[in-house]
Amino acid sequence: MAKEEKSRLFGLLGRDISYSFSRGYFSKKFTQLNLENHNYVNFDLPKIEDFPSILEDNESVLGINVTIPYKEAVIPYLDKIDKTAKEIGAVNTIKITKRGNLKGYNSDVVGFEKSITPLLKKHHKKALILGTGGASKAIAYALKRNDIKYKFVSRNPEGKKQISYADLSREIIEDYTLIVNSTPLGTSPHVNNCPNIPYQFITPNHLLYDLIYNPQVSKFLANGRQKGASIKNGYEMLELQAEESWRIWNS
């Protein structure tokens, strides 16, 4: 591949993101593809209001990934939003067009869907989504697309689609055999934390999926495995959504 003269910058928008999967993943990818003029950096911002300064200070930026806590907050700063991202209500990928317009996409939904589909069994008809942040909305969108009914579990439930952790009875846990953790609880170094659900009612029919990938087996997943449930962490989802972001930036 011929080396281009113009530098091409990509990055991750978030807060407190000193450790970044995306930066490591794309830096390695650029090396493997001999893209010496491509760089990937962290745009670690204390508040979303500082977002415009990224574009002002970095004229060569062509694509941005978005993580906690800005997947929803970044939307007002965009010129256009892809139909899927608009329905989800969260953006995790931004493409800067040749005209300098910012278009938002959601590659989380592709990453989650591709990574969980091989594990789904016929009895996985209902799901609990732990947490209500930006990532949880992409999870809900993917589940709906696969005819899986879902409820959000929140510390402060709002509306009929949300229930509280206190509502999680044996009947509900046994009925909802897919449980997805979209909260950061249990992320390293806080590995002893986990969502407060009644794990004693988990069965071998359950599939527990954790968006966390560090540690490889979170306490949430370990508790499920102890009860014979199938488990999966979010590492493959991150890889798949990163590749989808790369496709979007180069389309």
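Begin by selecting strand S5 (residues 93-96), where Thr93 and Lys95 point one way while Ile94 and Ile96 point the other way, and where all of these residues are buried. Before going further, keep in mind that the model on the screen is a predicted one.

**Around strand S5**

Keep S5 selected and add strand S3, which is joined to S5 by three bridges, the two running antiparallel. Within this pairing, colour Ile64 and Ile94, since Ile64 stands opposite Ile94 in S5. Next add strand S6 (residues 102-105), which is also antiparallel to S5 and is joined to it by four bridges. Here the residues to pick out are Lys95 and Lys103, the latter standing in S6 opposite Lys95. Follow the chain from S5 into S6 through the hairpin, which has five residues between the strands, and stop at Gly100, which takes a positive phi near 90°.

**Lys71 and its surroundings**

Now select Lys71, which is found in the loop between strand S3 (61-66) and strand S4 (80-81). Is Lys71 buried or exposed? At a relative accessibility of 11%, Lys71 counts as buried, because buried means under 20% relative accessible area. Show its side chain together with that of Asp108, and a polar contact of 2.6 Å can be drawn between the two. If neighbours within four places in sequence are left aside, the residues in contact with Lys71 are Val66, Ala90, Val91, Asn92, Asp108, Gly134 and Ala135.

**Helix H4 and what covers it**

From Asp108, extend the selection to helix H4 (residues 108-116), in which eight of the nine residues are buried, so that the helix is largely enclosed by the rest of the structure. The buried residues of H4 are Asp108, Val109, Val110, Gly111, Phe112, Glu113, Ser115 and Ile116. Which elements should be shown to see what covers the buried residues of H4? The cover includes helix H3 (83-88), helix H5 (134-145), strands S10, S11 and S12, and helix H8.

Within that cover, select Glu244, which has its place in helix H8. Glu244 is buried, with a relative accessible area of 15%, and it touches Ser107 and Val110 when residues up to four places away in sequence are not counted.

**The parallel sheet**

Turn next to the open sheet of six strands, which has the order S9-S8-S7-S10-S11-S12 and parallel pairing. Its edge strands are S9 (162-164) and S12 (230-232), each of which pairs on one side only. Neighbouring strands of this sheet are turned by 25° against each other on average, with direction ignored.

Inside the sheet, select strand S10 (residues 178-181) and strand S11 (residues 207-210), which pair in the parallel sense over four bridges; here Leu178 stands opposite Leu207 in S11. Then add helix H7 (residues 219-226), which lies across strand S7 (126-130), S10, S11 and S12, and which runs at about 170° to S11.

**Aromatic rings**

For the last part of the tour, display the aromatic side chains, among which there are 17 aromatic pairs. Select Phe26 and Trp246, whose ring centres are 6.3 Å apart and whose planes lie at 50°, so the pair is tilted. This pair links distant parts of the chain, with Phe26 in helix H1 (residues 21-32) and Trp246 in helix H8 (residues 235-249), 220 residues apart. Phe26 and Trp246 are both buried.

Keep Phe26 selected and replace Trp246 with Trp249: the ring centres of Phe26 and Trp249 are 5.4 Å apart and their planes are at 45°, so this pair is tilted as well. Here too helix H1 and helix H8 are linked, with Phe26 and Trp249 lying 223 residues apart in the chain. Phe26 has a relative accessible area of 0%, while Trp249, at 6% relative accessibility, also counts as buried.

To see the wider group, select Phe10, Phe21, Tyr25, Phe26, Phe30, Tyr40, Tyr213, Tyr235, Trp246 and Trp249, which form one aromatic cluster. A final stop is Tyr150, where the charged end of Lys161 sits over the ring, 4.2 Å from its centre.

Definitions and conventions
Residues numbered from 1 in each chain as written. Predicted model: local features only at pLDDT ≥ 70, side-chain atom pairs only at ≥ 80, totals over all residues. Heavy atoms only, no water. Phe/Tyr/Trp six-rings, centres within 6.5 Å; stacked < 30°, edge-to-face > 60°. Buried < 20%, exposed > 50% of the residue type's maximum accessible area, 1.4 Å probe, protein only. Lys NZ or Arg CZ within 6 Å of the ring centre and 35° of its normal. Pairing = 2+ DSSP bridges. Axes fitted to C-alpha atoms, helices over the stretch in contact; angles between N-to-C directions. Contact = heavy atoms within 4.5 Å. Polar contact = N/O pair within 3.5 Å; in protein donor to acceptor, adjacent residues only side chain to side chain.
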